[in-house]
Amino acid sequence: MPVNSELVGREFPPTAPYLVGREKVREFARAVFADAPQHIDVDAARAAGYSDVVAPPTFPMVIQDLTLQQLLSEPDSGIVLARTIHAEQRFRYTRPIVAGDELTAQLAVTGIRSMSGNAMITSEASITDAAGAHVVTAVSVLLVGSDSEGEAA
């Protein structure tokens, strides 16, 4: 089944709130080799003007993943995980994420482009804080291979 073009414009329910923990920020920073002191040391983060440790710029992927799971589990999507790769990622920030933030994300599918039987699905996860203020939008492109990809002749 090809990717359902009617996904474009579909919005998913907001995720449950995600509380950004100090240790999660530190673990993520270590995992991506973000060694700036404000990612690990509370005093360094406060000296830089933040209330707590600051998440590395790619940390929103942790929250966006919750929204992508919604998309991937849609029964009518036509997306087969075994033929899907994460092709592109961008972030549009209003402010950095810091430990203590309670974040909610809502995904919208903003485009599907077909190419030789393959599909590129663009989605945007708008991530807001507990007050409803925008923090970051995570833009993701998934490449879904055609049905014939990887099949033996």
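This dialogue walks through salt bridges in a predicted model.

Me: What counts as a salt bridge, and how many does the structure hold?

Reply: Look for a side-chain nitrogen of Lys or Arg within 4 Å of a carboxyl oxygen of Asp or Glu. The structure holds 9 salt bridges.

Me: Which side chain does Glu-23 meet in a salt bridge?

Reply: That of Arg-26, at 2.4 Å from N to O. Both residues sit in helix α1, residues 22-31. They are 3 residues apart, about one turn of the helix.

Me: Are Glu-23 and Arg-26 buried or exposed?

Reply: Buried means under 20% relative accessible area, and exposed means over 50%. Partly exposed lies in between. Glu-23 has 42% relative accessibility, so Glu-23 counts as partly exposed. Arg-26 has 17%, so Arg-26 counts as buried.

Me: Which side chains meet Arg-95 in salt bridges?

Reply: Asp-101 meets Arg-95 at 3.0 Å, N to O. Asp-129 meets Arg-95 at 3.4 Å, N to O.

Me: What does the pair of Asp-129 and Arg-95 tie together?

Reply: Place each residue first. Asp-129 lies in the loop between β4 (118-128) and β5 (134-144). Arg-95 lies in the loop between β2 (84-93) and β3 (102-115). The pair therefore ties together parts that are 34 residues apart in sequence.

Me: Are Arg-95, Asp-101 and Asp-129 buried or exposed?

Reply: Arg-95 is partly exposed, with a relative accessible area of 26%. Asp-101 is buried at 10%. Asp-129 is buried too, at 15%.

Me: Which residues do salt bridges with shared partners join into one network?

Reply: Arg-10, Glu-74 and Asp-76 are joined this way.

Notes:
Residues are numbered from 1 along each chain as its sequence is written. This is a predicted model: local features need pLDDT of at least 70, side-chain atom pairs count only at pLDDT 80 or more; totals for chains, interfaces and linings use all residues. Side-chain values use heavy atoms; hydrogens and water are left out. Helices (H or I, at least four residues) and strands (E, at least two) are DSSP runs, numbered from the N terminus. Buried means under 20% relative accessible area, exposed over 50%, partly exposed in between (1.4 Å probe, protein chains only).
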